[in-house]
Each structure stands twice: as structure tokens, then as C-alpha cells.
Amino acid sequence: MEELIQIESELADKVFQFQNLDESLAEAEKQMNDARNSMEEFGNLLTQKRKSCFRQFEKELQELLVGLGMENARIQFEHRLISPSLSGLDEVEILFSANKGGTLQPLKKSGFGRRIFKVTLCNQIFNG
């Protein structure tokens with residue numbers, strides 16, 4: 001008889017858990033939506049802050065490049081939206097051309113040696 005009472009109790013617990021599954025699922029979905037909204041809000045804020053400093057940063061880097069003897073060099077920031085990641089909702093790439101009328105290319109592909117060293121040096125001076 002005690003075994004039957006034990007089985008009945010276990011079955012009642014399982015039924016209770018099953019009945020509350022919808023409630024638990026709804027709560028989990030709410031938490032997920034709240035987290036997504038928070039992530040989007042902070043991600044958009046980060047994107048706005050990044051974009052707001054592009055022109056000034058480009059101008060100051062340009063001045064530093066001229067000071068290093070690269071009068072014809074141009075630098076520009078390219079902004080792209082991406083899927084959410086640990087670094088935000090966007091990515092920024094630095095485009096660079098060392099020659100007058102040259103095509104802007106990603107900095108990592110634009111050349112080697114002195115040019116990249118000079119841009120890196122300008123970046124360190126500006127941030128340092």
C-alpha cells in the first residue's frame with residue numbers, strides 16, 4: 001500500500017511539473033526577449049558612439065600622416081552592420097591609400113613596410 005502511495009505522489013509531482021511547463025517556457029521566452037532588447041539597445045549605443053568619432057579621428061590621423069611626409073595619403077573608416085557579437089552590432093575597417101588618386105583599400109591589404117608602420121605609429125600617437 002505504501003508503494004502505491006509513493007507512486008501516486010511521484011506521478012502527481014510529474015503532472016504538476018508538466019502543467020507548469022508552459023509557464024516556465026513563457027518566463028524563459030520573456031527573459032530571452034528582455035536580454036535581446038538590452039543587447040540591441042547597448043549595441044546601437046556603441047555603434048552610434050563609434051560612428052560619431054570617425055570624422056575627427058580620420059582628420060587627426062590625416063594630419064599625423066602629413067607630418068610624417070605622407071602628404072598624399074588618405075585614410076577613411078568603413079562601417080558595416082554585422083550579426084550581434086561580443087564586440088557589438090557592427091565592425092569598422094580602416095581604408096588607406098598612400099598615393100594621390102590611389103584607391104582606398106583595407107589597411108591590412110594596402111602595403112607593407114614603412115607605410116603600415118607610419119599609420120601604426122600615428123594610431124599609437126593618437127591613442128597614446
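In this predicted model, Glu 58 makes contacts beyond its sequence neighbours within four places with Ile 75, Gln 76 and Phe 77. The residue itself is found in helix H3. Although its side chain carries a carboxyl group, Glu 58 is buried, with a relative accessible area of 9%. Its side chain is joined to that of Arg 55 by a polar contact of 2.7 Å.

Two of the residues touched by Glu 58, Ile 75 and Phe 77, lead directly to the largest nonpolar core, since both are listed among its members. This core comprises 12 residues: Phe 54, Phe 57, Leu 61, Leu 65, Met 70, Ala 73, Ile 75, Phe 77, Phe 96, Ala 98, Leu 107 and Cys 122. At least two residues of the core come from helix H3 (54–67), and at least two from strand E1 (74–85). The greatest contribution is that of H3, which gives four residues. In soluble globular proteins, nonpolar side chains tend to be buried together. Leu 61 offers a convenient view into this core: apart from neighbours within four places in sequence, Leu 61 is in contact with Ile 75, Phe 77, Cys 122 and Asn 123. Ile 75 and Phe 77 thus appear in the contact lists of both Leu 61 and Glu 58.

A second buried glutamate deserves a look. Glu 93 lies in strand E2, which covers residues 88–97. With a relative accessible area of 17%, Glu 93 is buried, as the cut-off for that class is under 20%. Once residues up to four places away in sequence are set aside, Glu 93 touches Gln 76, Phe 77, Glu 78, Arg 80, Pro 106 and Lys 108. Of these partners, Arg 80 also meets Glu 93 through a polar contact of 3.3 Å between the two side chains. Gln 76 and Phe 77 are again familiar names, being contacts of Glu 58 as well as of Glu 93.

Charged pairs come next. A search of the whole structure finds six salt bridges. In one of them, the side chains of Arg 80 and Glu 78 meet at 2.3 Å, N to O. Arg 80 counts as partly exposed at 30% relative accessibility, and Glu 78 is likewise partly exposed, with a relative accessible area of 30%. This pair does not stand alone: salt bridges that share partners join Glu 78, Arg 80, Glu 91 and Glu 93 into one network. The buried Glu 93 is therefore linked by salt bridges into a network with Arg 80, a residue that is partly exposed.

Another salt bridge brings together the side chains of Arg 50 and Asp 90, at 2.4 Å from N to O. Here the link is between distant parts of the chain, with Arg 50 in helix H2, Asp 90 in strand E2 and the two positions 40 residues apart. The partners fall into separate accessibility classes: Arg 50 counts as partly exposed at 24% relative accessibility, whereas Asp 90 is buried, at 2% relative accessible area.

The pairing of Asp 34 with Lys 30 is local. Their side chains form a salt bridge of 2.9 Å, N to O. Both residues lie in helix H2 (residues 21–52), four residues apart, which is about one turn of the helix. Asp 34 is partly exposed, with a relative accessible area of 39%, and Lys 30 is partly exposed too, with a value of 46%.

Attention now turns to the chain as a whole. Its secondary structure consists of four helices and three strands, arranged from the N terminus as α-α-α-β-β-β-α. The radius of gyration of the chain is 28 Å, well over the 14 Å given by the globule rule for 128 residues, so the chain is more spread out than a compact globule. Along its principal axes, the C-alpha trace spans about 95 × 30 × 25 Å.

Burial and surface figures complete the description. Of the 128 residues of the chain, 20% count as buried. The chain exposes about 9900 Å², and carbon and sulfur atoms supply 56% of that area. Among contacts between residues at least 6 apart in sequence, 42% join residues at least 24 apart.

Technical notes
Residues numbered from 1 in each chain as written. Predicted model: local features only at pLDDT ≥ 70, side-chain atom pairs only at ≥ 80, totals over all residues. Heavy atoms only, no water. Core = buried A, V, L, I, M, F, W, Y, C linked by side-chain atoms within 4.5 Å. Buried < 20%, exposed > 50% of the residue type's maximum accessible area, 1.4 Å probe, protein only. Contact = heavy atoms within 4.5 Å. Polar contact = N/O pair within 3.5 Å; in protein donor to acceptor, adjacent residues only side chain to side chain. Rg over C-alpha atoms; globule rule 2.2 N^0.38 Å. Areas by Shrake-Rupley, 256 points an atom, 1.4 Å probe, with all protein chains shown as cover. Salt bridge = Lys/Arg side-chain N within 4 Å of Asp/Glu carboxyl O.
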